[in-house]
Amino acid sequence: MSHYDGKVAEELGLGFVSVMLQDTETYRKYRKVLMAQYPNKEGMGWPTYLIVTNPEGEFVIHGELKGGMPKGDFRDKLSALIPAS
């Protein structure tokens, strides 16, 4: 699923990082972002996407999308969460 959602993100001019909990190197890199939104991981959906600016620095979480959905719905919901420049 993340492959298709990543394509939609790229079409909208966004970066896309897939963080699988089993991928310890990537998970450690972005853990602070996840813990800011879900300190005990309760309430996460599968998949959960966080819309974040500057994820490797002083990040800001702008919103989230949870659960699988049709590509068109994902595009519409993601577009609504993109912060204005």
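These are my notebook entries on what I looked up in this structure, which is a predicted model.

**Entry 1: the two sides of H1**

I started with helix H1, which runs over residues 2–11, and looked up which of its residues are buried; I noted Asp-5, Gly-6, Val-8 and Ala-9. These four cover an arc of only 160° around the axis, and therefore they sit on the same side of H1. I then turned to the other side of H1, where I found His-3, Tyr-4 and Glu-10 to be exposed.

What do the buried residues of H1 pack against? I found two partners for them, namely strand S1, which covers 48–53, and helix H3, which covers 71–81. Before leaving this part of the chain I also checked the backbone just after H1, and there Gly-13 takes a positive phi of about 80°.

**Entry 2: how H1 meets H3**

Next I looked at how the two helices are placed, and I noted that the axes of H1 and H3 come within 10 Å and cross at roughly 45°. An angle between 35 and 65 degrees falls into neither the roughly parallel nor the roughly perpendicular class, so H1 is described as oblique to H3. The crossing in which H1 passes H3 is right-handed.

Which residues make this contact? From H1 I listed Asp-5, Val-8, Ala-9 and Glu-11, and from H3 I listed Lys-71, Phe-74, Arg-75 and Leu-78. When I sorted the residues of the contact of H1 with H3 by character, I had four nonpolar ones, four charged ones and no polar ones. Asp-5, Val-8 and Ala-9 had already come up in my first entry as buried residues of H1, and here I met them again in the contact with H3.

**Entry 3: Val-17 and Arg-31**

I then moved along to Val-17, which I found in the loop between H1 and helix H2, the latter covering 24–37. Is Val-17 buried, partly exposed or exposed? Its relative accessible area is 43%, and I therefore wrote it down as partly exposed, since buried would need a value under 20% and exposed a value over 50%. Leaving out residues up to four places away in sequence, Val-17 touches Thr-26 and Tyr-30. For Val-17 and Tyr-30, which are 13 residues apart along the chain, I noted a separation of 9.4 Å between the C-alpha atoms.

Arg-31 was my next stop, and this residue belongs to helix H2. With a relative accessible area of 41%, Arg-31 is partly exposed. Arg-31 and Val-19 lie twelve residues apart in sequence, and from C-alpha to C-alpha they are 9.1 Å apart in space.

**Entry 4: Asn-54 and Phe-59 in one loop**

In the loop between S1 and strand S2, which covers 60–66, I looked up Asn-54. Although Asn-54 is not a glycine, it has a positive phi of about 55°. Its relative accessible area of 44% makes Asn-54 partly exposed.

Phe-59 also lies in the loop between S1 and S2, and I recorded it as partly exposed, with a relative accessible area of 24%. Which residues does Phe-59 touch, not counting those up to four places away in sequence? My list has Lys-32, Val-33, Ala-36, Val-52, Thr-53 and Asn-54. For Val-33 I added the spacing as well: Phe-59 and Val-33 are 26 residues apart in sequence, while their C-alpha atoms are 7.5 Å apart in space.

**Entry 5: Lys-77**

I finished with Lys-77, whose place is in helix H3, and which is partly exposed with a relative accessible area of 46%. Not counting residues up to four places away in sequence, Lys-77 touches Leu-65 and Met-69. Along the chain Lys-77 and Leu-65 are twelve residues apart, and I noted 7.6 Å between their C-alpha atoms.

Definitions and conventions. Residues are numbered from 1 along each chain as its sequence is written. This is a predicted model: local features need pLDDT of at least 70, side-chain atom pairs count only at pLDDT 80 or more; totals for chains, interfaces and linings use all residues. Side-chain values use heavy atoms; hydrogens and water are left out. Buried means under 20% relative accessible area, exposed over 50%, partly exposed in between (1.4 Å probe, protein chains only). The arc is that of the directions from the helix axis to the C-beta atoms. Contact means heavy atoms within 4.5 Å. Axes are lines fitted to C-alpha atoms, for helices over the stretch in contact, and angles run from 0 to 180 degrees between N-to-C directions. Angles under 35 degrees count as roughly parallel, over 145 as roughly antiparallel, 65 to 115 as roughly perpendicular and the rest as oblique. A crossing is left-handed if the near helix is turned anticlockwise from the far one by less than a right angle, and right-handed if clockwise. Ala, Val, Leu, Ile, Met, Phe, Trp, Tyr, Cys and Pro count as nonpolar, Asp, Glu, Lys and Arg as charged, and the others, Gly among them, as polar.
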